[in-house]
Amino acid sequence: MILISGNDLASGAVTWWTGTGWSHHFGDAVDVAGDGAAIIAAEEAACRVNGAAVVEADAAGMPRHIKDRIRAAGPSVRIDLGINPAVPAVLAGQ
Amino acid sequence: MYRYDQYDQAMVDARVAEFRDQVARRLAGKMNDDQFKPLRLKNGLYLQLHAYMLRIAIPYGTLNSGQMRTLAHIARRYDKGYGHFTTRQNIQFNWIKLAEAPDILADLARVEMHAIQTSGESIRNISADPYAGAAADEICDPRPWAELLRQATSFHPEFSYLPRKFKIAVIAAEVDRAALRWHDCALRIVTNAAGEQGFEVYAGGGMGRTPMIAFKIRDFLPAGQIFSYLQAILRVWNLHARRDNIHKQRMKILVHTLGEDAFRTEVEAAFTHILTLGSDFPAAEYDRIAAHFTPPPFDADAPDDMDLSDPDFARWVARQVVAHKMPGYAIVNISLKPVGGIPGDVSADQMDAIADIAQKYSFDDLRSAYTQNLVLPHVRKADLFAVWQALKAINLVDTNRDQITDIIACPGLDYCSLANARSIPLAQKIAQRFADPAVGDDIGDLNIKISGCINACGHHHAGHIGILGVDRKGIENYQLLLGGSGAEDISAAKITGPGFDEDGVVDALERAVNAYRAQRTPGERFIDTYRRVGMDGFKEAIYG
Amino acid sequence: MAEILRLRDDAPIHAPLFSIDDFLAEPAARAVRIEAGEDVTQIFPHLGRIDLVEIAFPRFRDGRGFSSARLLREAGYVGELRAAGDVLVDLIAFMRRCGFDAFAPDAPLDGDDVANALNRFPYAYQHASDAAVPIWKLRHG
């Protein structure tokens with residue numbers, strides 16, 4: 001799957017493209033297949049996201065790269081601050 | 001310490017207003033991030049993995065208690081209750097909202113602080129000896145010169161769009177507690193045969209992907225000409241550096257390309273010219289600044305002896321307390337390296353408590369060190385027990401200064417968008433493996449420095465043992481380095497060989513430490529043994 | 001080319017711009033364009049016959065032109081000194097301090113933004129190529 005993630009312009013918080021808007025929960029992210037570049041260009045131009053990029057994920061929607069999993073879960077050394085209840089599992093890619 | 005007058009305050013206030021304007025333009029969509037990025041970076045604001053990160057300058061590592069309380073306030077009000085002291089004596093907050101950044105800068109301006117030029121291709125915050133004004137071995141307090149240069153390099157019109165960042169350090173002792181020659185421009189205050197003070201000037205140091213140690217460009221520069229000389233260095237670099245490859249634009253690369261002699265010839269010619277322009281600050285201005293750094297009212301009768309009957313206290317004193325230039329006083333090092341903790345991280349409550357301690361016991365004076373620790377520079381020996389107890393109440397009495405668990409680590413992939421691998425979990429695992437204080441004492445002085453990418457914020461090139469995180473096909477991988485130093489015996493570490501995974505590098509490091517313990521002669525530190533036996537004496541132990 | 005913003009009172013100069021090499025070969029030339037990275041000291045022997053020097057800023061991050069401008073002013077050049085190219089409003093105040101008194105930006109600048117930028121900082125910490133009195137001098141009279 002191909003997801004899109006960026007940061008909210010005003011807060012900087014990590015956001016994921018849901019198909020109709022942006023969510024802070026990576027579980028809401030949808031597969032954009034080949035439409036990533038067009039969506040990113042439109043959303044950046046509208047100032048709804050900052051630094052957006054496509055993210056490779058497995059069939060279950062789990063980001064493949066550790067960097068994206070850390071973005072999804074929060075810092076691995078402060079799991080108390082993460083917004084995802086399944087932080088350790090996300091970090092482990094499960 | 002230095003206090004702002006109306007001019008300093010007006011400049012910082014104007015900067016806050018300017019940034020408020022720029023943020024409003026960005027939020028309104030009048031600028032894209034390409035245009036906004038250099039402007040936010042000049043105010044220390046990065047976009048990191050989870051949020052914006054704000055890096056606040058702590059000029060030459062000096063803070064008072066009111067400033068520390070403001071940092072605690074920022075941690076609580078605008079962040080998630082903590083901050084991170086960096087390897088350049090600054091502090092970073094990890095969870096900043098762009099819309100609130102101007103308010104934070106306004107709060108900082110109220111206590112004479114700022115984030116000006118803490119990032120971007122500009123002249124960065126000037127670092128200095130954290131023991132300045134207290135060290136028994138300094139020839140003078142280097143901070144008046146650091147403050148003079150802070151002003152001279154703030155909003156410098158010619159040098160605000162430099163080829164890359166530019167870092168300056170100033171010390172005034174033989175012992176180097178500021179990683180001096182790892183800076184682009186390194187200044188050591190010395191006295192010449194005629195008894196005049198001046199600068200030994202070094203140029204072209206830096207870490208990053210091409211580590212270089214600054215070379216001595218001048219044996220002795222009359223102190224009052226330092227701004228002219230600095231501008232000459234900057235002008236030669238600004239005019240001649242490459243602009244086509246960001247990895248080759250640091251000044252060290254130009255020094256290497258031209259050669260030291262040719263670089264010096266260019267700088268001296270530019271200096272001769274700039275000296276005629278009258279841009280050096282006059283002696284009266286140096287004197288005005290220096291008057292802010294007169295020693296605090298020490299008690300000449302402060303007793304020099306203390307009660308060391310509590311063994312835990314005695315151990316802390318032996319490791320964390322060092323000689324002060326005044327009898328009856330001591331310099332206290334506060335370790336921010338609890339075993340299992342995050343190097344350099346301090347909670348808002350701890351910040352407030354440290355501020356109280358500094359106010360009550362250290363003439364309202366606090367320092368940050370590039371080792372990501374804090375310093376109380378002027379504590380009466382008679383108060384050390386009370387200070388220890390107060391620090392104990394906030395869990396900051398670790399006794400590991402310069403030992404194997406006093407690890408420098410950058411934020412790494414847990415926070416940083418540039419990182420390739422995590423640094424902090426590695427520091428935690430290493431500290432846990434060597435947590436036994438008896439083991440730490442047996443191993444002795446050993447500096448471990450961990451960077452999560454080639455940019456080297458964790459000073460891995462300067463570690464007795466360095467670790468560099470890399471991305472190996474999407475998997476975190478770690479290279480081990482040996483033989484670096486950030487002290488007066490400066491040297492660049494060398495890679496041992498193939499890299500390791502996270503647990504593998506901890507095991508490899510342990511094997512290197514065991515090789516040291518097996519080969520050392522009495523009194524030898526790890527680095528001494530490495531220098532005597534070379535990489536070959538360790539390689540087999542590491543790779544077997 | 002976008003409109004030229006001029007902070008000088010004398011008459012605008014319409015002389016054709018020459019590259020350094022062409023200028024050195026043409027004794028009648030009165031205006032020179034310096035590309036980023038070119039050595040501005042080459043024209044120092046001829047400053048008396050120059051009315052306009054244009055310094056190129058190919059990208060706003062390329063700050064070489066700031067030093068070139070100061071070298072020219074320090075050599076005694078008093079004619080028009082124009083910054084041309086990727087000249088953003090946030091650079092204007094620094095350019096002014098380095099001796100620029102005309103701007104030819106690729107993208108037009110908003111007049112209010114320019115005025116705000118030029119008036120933003122009430123003081124300057126250091127001597128440069130403008131009339132600003134450094135703060136240290138204000139402190140000591």
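Phe155(B) counts as buried, because 23 C-beta neighbours fall inside 10 Å of it, and the cut-off for that label is 20 or more. This is a predicted model, so please hear everything that follows as a statement about a prediction. Phe155(B) sits in a loop, the one that connects helix H5 (143-153) with strand S7 (168-171) of chain B. Its backbone is worth a look as well: phi is near 55 degrees, a positive value in a residue that is not glycine.

There is another positive phi to show, in chain A. For Cys47(A) the angle is near 60 degrees, again in a residue other than glycine. Cys47(A) also belongs to a loop, here between helix H1 (36-45) and strand S4 (50-56) of chain A. Is Cys47(A) buried or exposed? Neither label applies: it has 17 C-beta neighbours inside 10 Å and therefore counts as partly exposed. Buried would take 20 or more, and exposed 12 or fewer.

Staying with chain A, a word on confidence. The mean pLDDT of chain A is 90, and 95% of its residues score at least 70. Where in chain A is confidence lowest? That is helix H3, residues 87-91, with a mean of 73. At the other end of the range is strand S1, residues 2-7, where confidence is highest, at 97. As a general caution, coordinates should not be read in detail where pLDDT is low.

Next, the contact between chains A and B. On the chain B side 22 residues take part, and they touch 21 residues of chain A. What is the side of chain B that touches chain A made of? It divides into 13 nonpolar residues, 3 polar and 6 charged.

Last, chain C. It has 5 helices and 6 strands. Read from the N terminus, the order is β-β-α-β-β-α-β-α-β-α-α, so the chain opens with two strands and closes with two helices.

On overall dimensions, the C-alpha trace of chain C spans about 50 × 35 × 30 Å along its principal axes. Why does chain C agree with a compact globule? Because a globule of 141 residues would have a radius of gyration near 14 Å, and chain C has 15 Å. Of those 141 residues, 38% count as buried. As for contacts in chain C between residues at least 6 apart in sequence, 55% join residues at least 24 apart.

Key:
Residues numbered from 1 in each chain as written. Chains lettered and ligands numbered in written order. Predicted model: local features only at pLDDT ≥ 70, side-chain atom pairs only at ≥ 80, totals over all residues. pLDDT = per-residue confidence, 0-100. Helix = DSSP H or I, 4+ residues; strand = E, 2+ residues; numbered from the N terminus. Rg over C-alpha atoms; globule rule 2.2 N^0.38 Å. Contact = placed C-beta atoms within 7 Å. Nonpolar A, V, L, I, M, F, W, Y, C, P; charged D, E, K, R; others polar.
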